[in-house]
Every structure is written in C-alpha cells, then in structure tokens.
Amino acid sequence: MDDTLRIRVEAGAQATALLGWLRAEPELSGYVDRDASPPTTGSLGTVTDVLVVAVGSGGIATVLASALVSWIRRRTGSAEITVTLSDGSSIEIRATDVHGLDADGVAALVRQVRAAIAGAPASDG
C-alpha cells in the first residue's frame with residue numbers, strides 16, 4: 001500500500017500545531033507535510049489547514065492513529081480532525097468526543113482510527 005492521506009484541521013493555527021506534533025514522532029519524520037495543492041474553485045486564498053501524510057506498508061498507520069488521538073486529547077474547545085483516505089472515505093475525530101474517554105475508550109478509538117487508515121477491520125482484542 002502506498003497511499004496519501006489528507007488531514008484537515010479546523011483552523012490553520014491548529015494545523016501548524018498538529019504538523020509540529022506529527023513531525024516530532026520519529027516514525028513519521030519525513031512522511032508529513034502541508035498540502036501544497038492550489039485552492040479549490042470557489043475558495044479564497046491558499047489551503048493552510050490541510051496536511052498530507054504518505055502512508056506505506058510499514059507501521060505508520062498505528063503510529064499516526066496514536067499521534068492523532070493523543071494530539072486531539074490535548075486540545076481545548078471543539079477541535080476536530082478529518083482524515084480523508086485516498087479512496088475518498090474519511091474519519092472524523094472530535095476533541096469533545098475524546099476528552100471523556102477512559103484508557104480503554106482511547107485504546108478502542110486508536111484501533112478504530114488505525115483500521116480506517118490501514119484499510120483493515122478494527123478488532124477489539
């Protein structure tokens with residue numbers, strides 16, 4: 001598998017913070033960058049709130065899922081991440097949904113996000 005994921009964050013400043021967070025993960029180093037695509041028709045300005053991640057056949061899906069859930073747990077307010085896969089499907093992670101989770105809930109969410117990223121079914125065990 002050699003796919004590119006697009007991670008949309010609600011605001012450019014949040015995207016900058018997430019970019020730094022993901023780049024700090026040694027296993028993700030070199031795989032994460034800002035989206036350099038021109039703005040879509042009808043939008044104003046350049047795209048500053050989308051990151052791209054090159055996902056290969058290694059364990060990047062697990063590392064990325066853990067990093068995304070960990071990052072959003074540290075956000076205040078209503079932060080939201082949308083991960084769009086190369087096939088057009090997407091998964092959303094909202095801070096308001098994550099803040100109240102216990103350790104088991106966080107682990108289950110990481111598995112769900114990893115499965116979506118990797119294109120594999122999530123398992124509970």
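## The core

Let's start inside this predicted model. Its largest nonpolar core has 35 residues, and the members touching the most others are Ile7, Leu18, Leu22, Leu64, Leu68, Val83 and Ile117. Eight elements are listed as giving two or more residues to this core: β1 (3-9), α1 (12-23), β3 (50-55), α2 (60-73), β4 (80-84), β5 (90-94), α3 (95-98) and α4 (103-118). The helix α2 hands over the largest share, with ten residues.

Want a residue to zoom in on? Try Leu18: leaving aside residues up to four places away in sequence, Leu18 touches Ile7, Val9, Leu51, Leu68, Trp71 and Ile81.

## The sheet

Now for the strands. Five of them make an open sheet in the order β2-β3-β1-β4-β5, and the pairing is antiparallel. At the edges sit β2 (32-34) and β5, each of which pairs on one side only. On average, neighbouring strands in this sheet are turned by 25° against each other, ignoring direction.

Take a look at β1 and β3, which run antiparallel and are joined by six bridges. You can pick out one partnership by eye: Arg6 has Val52, in β3, as its bridge partner.

## Helices on the sheet

The helix α2 packs on the sheet, where it touches β1, β3, β4 and β5, and its direction makes about 160° with that of β4. Then there's α4, which lies across β1, β3, β4 and β5 and runs at about 155° to β5.

## How confident is the prediction?

The protein chain has a mean pLDDT of 81, with 80% of its residues reaching 70 or more. Confidence is highest in α2, at a mean of 91, and lowest in α3, at 83.

Technical notes:
Residues numbered from 1 in each chain as written. Predicted model: local features only at pLDDT ≥ 70, side-chain atom pairs only at ≥ 80, totals over all residues. Heavy atoms only, no water. Core = buried A, V, L, I, M, F, W, Y, C linked by side-chain atoms within 4.5 Å. Buried < 20%, exposed > 50% of the residue type's maximum accessible area, 1.4 Å probe, protein only. Helix = DSSP H or I, 4+ residues; strand = E, 2+ residues; numbered from the N terminus. Contact = heavy atoms within 4.5 Å. pLDDT = per-residue confidence, 0-100. Pairing = 2+ DSSP bridges. Axes fitted to C-alpha atoms, helices over the stretch in contact; angles between N-to-C directions.
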